[in-house]
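Please open the model in the viewer and keep the sequence panel visible. The tour proceeds by selection, one helix or pair of helices at a time.

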Amino acid sequence: MSGRGLWIWEEDECRTLLRVLAEYNMGKTRVERITQSRIAHEMRVGQSTVNAYFRGKKALTIQVVEAVFKLTGIPVGRLSSRLADDIRLRDDPQSEHDSKRDLQGIASDLKWSAVELMRIAERLSLSGNEADAQALLKMCTMLHSDEDRLAGYAEEVKAGRIVRGKDEPA
């Protein structure tokens, strides 16, 4: 995002992209390898834009992982479970008119917030601030529990056990 560096989990996704593509290219001929130029061409952007993803300067987007999938067949979930979830939500034909998409989106936000807080807790612990680290870990446990509950509600919406009333706003 503008004005700040990437979240740790966004940096992890960039490193994963780099690692997975290196594994894919291993043993391939020079012509068969997937390069930043080929990804840029597939995305219709400049190579410097793609390079920013590889260097961890820009967070991965759906456009990036879909281009990599199209070129390599590598499942999006290997690169980013977050973006795989976003694609599933985007492609779900019912998600535009029911609450499931909102619930799953909120659950996903809770998940990534908890991941980030766990990393902060680890840094606090390493710096000797164990009390604050433990407080953050308790918050993470609560967020994970809330995420599971929201995901359960989303499944109930999907199954039709929870429906929004006609006069309730979308």
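Select helix H8, residues 130-159, in this predicted model. How far apart should the ends of H8 be? With 30 residues at 1.5 Å a residue, H8 should span 44 Å. The end C-alpha atoms of H8 are 43 Å apart, which agrees with that expectation.

Within H8, next display the side chains of Ala133, Leu136, Cys140, Leu143, Glu147, Leu150, Ala154 and Val157; these are the buried residues of the helix. Then add helix H7, residues 100-126, to the selection, as H7 is included in what covers them.

Move now to helix H4, residues 62-72, together with helix H6, residues 81-91. Their axes lie 10 Å apart, and the two helices pack at an angle of about 95°. H4 is therefore roughly perpendicular to H6. To view the contact, select Ile62, Val65 and Glu66 on H4, and Leu83, Asp86, Ile87 and Arg90 on H6. By class, this contact of H4 with H6 comprises 4 nonpolar and 3 charged residues, with no polar ones.

Finally, select helix H2, residues 36-43, and helix H3, residues 47-54. The axes of H2 and H3 come within 8 Å and cross at roughly 115°, and the crossing is right-handed. Which residues meet here? From H2, display Gln36, Ser37, Ile39, Ala40 and Met43; from H3, display Gln47, Val50, Asn51, Tyr53 and Phe54. The contact of H2 with H3 has 6 nonpolar and 4 polar residues, and no charged residues.

Key: Residues numbered from 1 in each chain as written. Predicted model: local features only at pLDDT ≥ 70, side-chain atom pairs only at ≥ 80, totals over all residues. Heavy atoms only, no water. Axes fitted to C-alpha atoms, helices over the stretch in contact; angles between N-to-C directions. Helix = DSSP H or I, 4+ residues; strand = E, 2+ residues; numbered from the N terminus. Left-handed = near helix turned anticlockwise from the far one by under 90°. Contact = heavy atoms within 4.5 Å. Nonpolar A, V, L, I, M, F, W, Y, C, P; charged D, E, K, R; others polar. Parallel < 35°, antiparallel > 145°, perpendicular 65-115°, else oblique. Expected span 1.5 Å × (residues − 1). Buried < 20%, exposed > 50% of the residue type's maximum accessible area, 1.4 Å probe, protein only.
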